[in-house]
Amino acid sequence: MLDPISLGAIGAVLGAVGSGMANEAGKWAWESAGGLVRRIAGREVPAPTTPGQLDDVARLVHERVHGDPQLAQAWAQFARGVRAPGTGSRDRRPTLPTAPHFFTDRRQALKLLDKEASRAFAGRPRRALLHGPEGIGTSALAVHWGWRQTARFPDGQLYADLRALAPEAVLGTLLRGLGVPDGEIPPAVADRADLFRRCLADRRLLVVLDHARSAAQVQPLLTSAPDVFTIVVTRQPLVGLDALRVPVGPLERRDAVRLLTDLVGKPALAQARTALPTVLERCAGSPYALRAAAPRLAETQAGATSESDPVQTAAEDSYRLLTPAAARLYRLAGLRDWPALDAPAAARAAGIDPTEAAGLLDELTDALLLDRTDSGRHRYRPAVRAHAERTAAAVDGVAGCSAAVARTVEGYRDLAVGAARAALPESWRAPLADSPVTFPDRGAAVAGLVAEAPNLVQAVRAAEEFRDQDTVVLLCQALWPLQLKAGHHEMLLPALRTGARTADEHFPDTRVAGALHAQLAHTLTELRRWDEAEPETLAAARAERAAGHICGHASAVEFLGLLRLRQWRFQEAYDRFDEACRILDGIGPDDEGAADLPRARALLERHRGRALRGLGRREEAAERLGLALRFFRDTGEAYNTARTLTDLAETHLDDGSTAAALPLIDEALAALAREHAEYHVARLRVLRERCVTPE
């Protein structure tokens with residue numbers, strides 16, 4: 001067994017605590033680690049933010065605990081309660097998307113994939129790069145090959161669509177596919193990549209990374225595990241990616257005819273023999289174009305086309321056969337790259353009823369002008385959307401296109417504002433605007449925001465391009481419940497940056513600017529970008545103070561204190577919480593926020609107790625935490641009661657008083673019985689074990 005006070009073990013514990021900060025229990029463990037490191041070092045030690053800094057802290061702890069048995073025991077006790085984020089469920093066997101029913105040719109490419117997958121490892125990771133132009137069938141080839149090789153990969157086949165996603169978002173998708181719960185997925189991309197590699201270390205697995213754009217996007221997703229085969233699918237060869245290149249070109253004429261025969265049958269192909277040469281010429285060996293042409297073989301007309309790309313040629317041919325209503329929806333819904341288009345959004349784009357839009361979306365899907373996503377929504381292929389956008393400009397004009405995008409963005413704004421107000425009805429951070437969209441309860445509202453998150457980010461981009469500053473800030477303010485309740489920080493970060501920038505330019509020194517800087521600071525903190533979070537927090541405080549918004553000013557200063565806790569700067573954290581209390585003193589009995597003062601002060605008392613615990617001033621910490629606990633018990637706030645009980649129990653454990661800690665832990669567990677706070681419960685069980693297990 002590894003010595004818990006060896007340098008390697010200490011570094012591993014610090015690394016595990018740092019990468020496990022995706023949930024409240026992980027953040028508490030990080031805070032506890034900071035207090036213990038301060039006690040061991042006898043001075044303040046800044047929280048490490050890089051691997052090198054973490055190694056420095058580990059060496060410092062290692063040196064000190066080897067000279068002090070009491071400190072060594074304290075570290076060993078802490079280390080026993082730390083575990084690395086989960087490595088996924090072995091019961092879950094991820095699978096690829098459905099393979100195409102008809103598949104033709106690609107014999108050479110399949111042989112190359114077979115050879116790469118079966119070659120001796122010899123320290124060289126098994127990787128292949130499938131590349132070819134859009135619509136040529138690279139994705140279908142990867143999926144088809146994967147389904148033929150299920151026996152080779154008994155632990156499953158992972159698939160991720162990299163379109164418009166940052167590496168950290170893709171890693172989140174892959175980790176969830178492996179069965180890692182959201183609460184155990186680290187916030188930082190480096191920690192996610194490390195966890196992903198640990199999950200794959202001893203598995204026999206296929207990983208398909210579809211629609212890759214660059215080697216930099218792919219690099220964090222690669223593993224050197226000997227029994228993992230990674231297939232990267234892209235349009236162009238990626239410079240800098242060490243992988244076997246497998247080019248995918250147009251189908252030969254005989255294979256194109258074979259695919260058409262499979263799709264429509266010999267009798268139908270015989271009836272269309274006059275049109276067949278034209279079809280084959282226009283499709284140029286593109287499997288997508290051939291599939292799109294199959295239902296309309298007899299209708300294909302000879303003649304020149306303005307398109308040089310067979311995918312856009314196919315889109316134009318399919319478009320000409322649409323009903324006028326479907327053609328209009330196709331054009332107007334394709335003006336923006338909505339990640340997941342549903343009937344209400346398409347209806348807003350076209351200005352029609354959602355029921356009618358649903359039927360038209362089915363028509364477009366049948367014509368292969370839209371792809372259906374796993375969630376049942378729809379998405380355009382890039383080349384097809386380019387055709388739709390260009391056609392809309394010619395047919396509908398600038399005014400018609402602008403109105404369609406504006407209607408769609410307005411719909412997302414109403415949905416987001418309605419969801420935010422339903423999710424946090426008591427919060428002054430929720431947007432004040434009215435919305436016709438309602439939700440039955442908080443859970444449904446948060447679920448609605450989660451489902452629309454990628455589209456909301458796209459809506460922010462569209463509103464910024466249209467210079468609709470009011471909609472930009474409303475949409476961003478409405479993201480607050482999503483940040484607070486569901487995370488997704490890596491996805492929301494670009495939109496929040498846009499919101500803060502827009503607020504500074506058009507709404508300086510207002511509550512709106514303060515709120516948006518605070519939201520951006522929150523997400524940057526959760527992503528462990530602490531150096532970036534600090535100026536945003538200070539900007540929030542300045543704007544709220546200038547606006548005369550006392551609650552917002554105090555909240556921004558409080559948030560700076562919470563950031564200092566993360567950074568293990570406990571005295572500064574305590575000072576900021578004190579400052580926030582003084583700011584709240586400026587609220588009179590009839591002023592805005594007066595009703596919220598008791599709860600706000602109770603939260604600050606809890607935070608002050610946490611800072612005092614980090615400073616080693618445990619008696620004062622227990623006093624502050626006791627004040628907060630009385631309020632939360634009296635008001636029946638089960639979750640905050642449990643959080644405060646946990647802080648108080650850990651304060652007693654720091655003193656070695658298991659007898660005082662145990663009843664607090666049991667009360668916290670009882671308080672959380674109906675709260676579904678799995679990670680907090682897991683943390684409490686570790687603490688309880690520490691109380692009842694003899695040393």
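**Aromatic contacts and helix packing**

Arginine 528 lies over the face of tryptophan 30, at 5.3 Å from the ring centre. The model in which this arrangement occurs is predicted. Tryptophan 30 also belongs to an aromatic cluster, which is formed by Trp30, Trp530 and Trp568.

In total, 9 aromatic pairs are present in the structure. For tryptophan 338 and tyrosine 412, the ring centres are 5.1 Å apart and the planes meet at 45°; the pair is therefore tilted, since planes under 30 degrees apart would count as stacked and those over 60 as edge-to-face. This pair connects distant parts of the chain, its two members being 74 residues apart. Tryptophan 338 is located in the loop between helix 15 (324-333) and helix 16 (343-350), whereas tyrosine 412 is part of helix 19 (residues 397-423). Both tryptophan 338 and tyrosine 412 are buried. A second aromatic pair is made by phenylalanine 631 and phenylalanine 632, with 5.5 Å from centre to centre and 75° between the planes, an edge-to-face arrangement. Phenylalanine 632 has a relative accessibility of 0% and therefore counts as buried, the cut-off being under 20%.

Tyrosine 412 takes part in a further contact, this time with a charged group. The charged end of arginine 348 is placed over the ring of tyrosine 412, at 5.0 Å from the ring centre. The ring of tyrosine 412 is thus paired with that of tryptophan 338 and also has the charged end of arginine 348 over it.

Packing between helices was examined for helix 14 (residues 310-320) and helix 18 (residues 382-395), whose axes are 9 Å apart and which pack at an angle of about 50°. Helix 14 is therefore oblique to helix 18, because this angle falls outside the ranges for roughly parallel (under 35 degrees), roughly perpendicular (65 to 115) and roughly antiparallel (over 145). The crossing of the two helices is right-handed. On the side of helix 14, the contact involves Val311, Gln312, Ala315, Glu316 and Tyr319. These residues meet Ala383, Val384, Ala386, His387, Arg390, Thr391 and Val395 of helix 18.

Helix 21 (residues 469-477) is largely enclosed by the rest of the structure, because 7 of its 9 residues are buried. The buried residues are Thr471, Val472, Val473, Leu474, Leu475, Cys476 and Gln477. Their packing partners are helix 19, helix 20 (442-465), helix 22 (480-486), helix 23 (489-506) and helix 24 (511-526). Helix 19, one of these partners, is also the helix that contains tyrosine 412.

Methods:
Residues are numbered from 1 along each chain as its sequence is written. This is a predicted model: local features need pLDDT of at least 70, side-chain atom pairs count only at pLDDT 80 or more; totals for chains, interfaces and linings use all residues. Side-chain values use heavy atoms; hydrogens and water are left out. Rings of Phe, Tyr and Trp (its six-membered ring) pair if their centres lie within 6.5 Å; planes under 30 degrees apart count as stacked, over 60 as edge-to-face and the rest as tilted. Helices (H or I, at least four residues) and strands (E, at least two) are DSSP runs, numbered from the N terminus. Buried means under 20% relative accessible area, exposed over 50%, partly exposed in between (1.4 Å probe, protein chains only). A charge sits over a ring if NZ of Lys or CZ of Arg is within 6 Å of the ring centre and within 35 degrees of the ring normal. Axes are lines fitted to C-alpha atoms, for helices over the stretch in contact, and angles run from 0 to 180 degrees between N-to-C directions. A crossing is left-handed if the near helix is turned anticlockwise from the far one by less than a right angle, and right-handed if clockwise. Contact means heavy atoms within 4.5 Å.
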